[in-house]
Amino acid sequence: MNYTFFLLLLTLVHSTFSSLAPTDQAALESIRDSLTDMPGSAFFSTWDFTTPDPCSTFAGLTCTSLGRVSALSLGPNLSGSLSPSISNLTHLTQLVLYPGLVTGPLPPRFDTLPLLRVISLTRNRLTGPIPNSFSSLSYLHTLDLSYNQLSGSLPPFLTTLPHLKVLVLASNRFSDNVKPVSSPLLHLDLKTNQISGQLPPLFPTTLRYLSLAGNSISGAIIPLEPLTDLTYIDLSMNRFTGAIPQSLFGSTTTSMFLQRNNFTSINATSLSMLPQGSVVDLSHNSISGELPPSLAGAESLFLNNNRFTGEIPEEYIKSLVNGTTKTLFLQHNYLTRFPWNSGFQLPDSVSLCLSYNCMDTDPVVGLSTCPIEVAPLLSRPAIQCSRFYNHSSTG
């Protein structure tokens with residue numbers, strides 16, 4: 001008899017602690033009403049509100065021991081909109097929306113969700129600005145709103161959140177300029193927006209990943225000089241000018257994409273050797289001067305379509321022959337000599353292009369694997385080279 005009573009009591013306690021709180025259930029019902037499974041999706045097939053324990057049976061739901069929703073993952077392949085009732089899930093620490101066709105604005109009231117640490121609402125069709133209520137998310141660690149149609153200025157409070165480490169707003173329609181960053185960010189991705197202006201004066205030295213590609217940002221990149229621990233940097237397809245700081249060519253940099261800007265020089269007085277396997281793309285700029293020997297350590301090196309002059313350093317040849325460098329594009333510069341020894345042999349894995357420079361080059365070597373769009377002329381016309389060098393010497 002006592003044993004039966006104990007089991008009954010245990011069942012009662014379990015149901016009390018695992019059943020969903022009424023306020024959270026009402027919020028989930030509203031969320032369910034605002035979203036629809038797309039053809040082929042069955043995400044909501046488990047969302048049966050007559051079940052005694054949604055916390056154990058609903059897909060994408062995690063609850064606390066008191067029946068409060070702590071994590072909500074929706075989708076993939078949903079359509080509809082995000083219900084403002086999300087703000088009633090006041091114990092939420094993680095909110096995820098997987099790729100789909102969800103439209104409309106972000107819920108306005110995030111100030112009622114003080115425990116949120118992760119917000120990931122990617123690859124949908126969300127529109128409008130980031131609500132001001134995001135400024136209250138003092139524990140937020142990760143914010144990923146990438147690949148939507150969000151717009152408006154980048155909110156200044158977003159880059160001052162005290163615990164934010166990952167901020168990804170790529171492929172939206174944000175405008176204005178990059179705001180000062182005081183958050184301890186490790187990862188910042190703002191690529192493919194409509195951001196303009198110049199860089200703010202300071203970035204956190206904690207940054208390891210930085211992408212600002214595909215915007216209209218201009219001016220010098222001096223504010224990035226203290227970022228000596230970057231492993232990935234992509235500033236391609238902007239309007240940056242001036243010199244590339246030597247600190248960016250650090251021993252930790254494995255990926256550097258600075259192509260299609262207006263850079264004019266590299267501060268290369270004491271560049272450290274790049275790590276093995278690194279990729280460096282400085283193509284389609286206006287960089288002048290001689291090639292820095294230290295860049296020869298990159299596995300893939302794109303220096304084409306610049307204004308480099310002089311001889312190609314022997315370090316580049318050695319790196320090609322021993323297979324350290326597998327791709328070297330130097331076409332469309334003003335280089336004068338490629339110190340190739342007929343006894344050398346390029347590994348089959350090497351791609352090399354030297355066309356359209358100011359030197360006589362063995363066609364077999366100089367055009368071995370040039371891209372299709374490269375001009376068929378092996379060398380520049382002599383008149384171009386003489387005018388360029390005469391102008392440089394008198395300038």
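This is a short conversation about reading rings, burial, contacts and empty spaces in a predicted model.

Colleague: Before we start, what does this predicted model count?

Modeller: Local features need pLDDT of at least 70 and side-chain atom pairs count only at pLDDT 80 or more, while totals for chains, interfaces and linings use all residues. Residues are numbered from 1 along each chain as its sequence is written, and side-chain values use heavy atoms, with hydrogens and water left out.

Colleague: Let's begin with rings. How many aromatic pairs does the structure hold?

Modeller: A pair of aromatic rings is described by the distance of the centres and the angle of the planes. Rings of Phe, Tyr and Trp (its six-membered ring) pair if their centres lie within 6.5 Å; planes under 30 degrees apart count as stacked, over 60 as edge-to-face and the rest as tilted. There are 14 aromatic pairs here. Take F110 and F134: their ring planes stand at 50° with the centres 4.4 Å apart, so this pair is tilted.

Colleague: Where do F110 and F134 lie?

Modeller: Helices (H or I, at least four residues) and strands (E, at least two) are DSSP runs, numbered from the N terminus. F110 is in the loop between β6 (101-104) and β7 (118-121), and F134 in the loop between β8 (125-128) and β9 (142-144), so the pair ties together parts 24 residues apart in sequence. Both F110 and F134 are buried, where buried means under 20% relative accessible area, exposed over 50%, and partly exposed in between (1.4 Å probe, protein chains only).

Colleague: And what is the arrangement of Y209 and Y232?

Modeller: That aromatic pair is stacked, with 4.3 Å centre to centre and 0° between the planes. Y209 belongs to strand β14 (residues 209-211) and Y232 to strand β16 (residues 232-234), so their pairing ties together parts 23 residues apart in sequence. Y232 counts as partly exposed because its relative accessibility is 22%.

Colleague: Which residues do ring pairs link into a cluster?

Modeller: F43, F44, W47, F49 and F58. F58 sits in the loop between α3 (54-57) and β2 (61-63), and counts as buried at 4% relative accessibility. Contact means heavy atoms within 4.5 Å; leaving aside residues up to four places away in sequence, F58 touches L28, T46, W47, D48, F49 and T51. The C-alpha atoms of F58 and D48 are 7.6 Å apart, with the two residues ten apart along the chain.

Colleague: Which charged residue lies over the face of F44?

Modeller: A charge sits over a ring if NZ of Lys or CZ of Arg is within 6 Å of the ring centre and within 35 degrees of the ring normal. R32 does this for F44, at 4.2 Å from the ring centre. Likewise, the charged end of R123 is over the ring of Y147, 3.8 Å from its centre.

Colleague: Last topic, empty space. How many cavities of 30 Å³ or more does a search of the whole structure find?

Modeller: On a 1 Å grid over the protein atoms alone, a cavity is a set of points where a 1.4 Å probe fits but cannot get out, and a pocket is an open set with protein on both sides within 12 Å along at least five of seven lines; lining residues have an atom within 4 Å of a point. Grid points are joined across faces, edges and corners, and a volume is the space filled by probe spheres set on the points. The search finds one such cavity. The largest cavity holds about 60 Å³, and its lining includes L154, P155 and K179.

Colleague: How much space lies in the largest pocket?

Modeller: About 160 Å³. Among its lining residues are R260, H284, F302 and E373.
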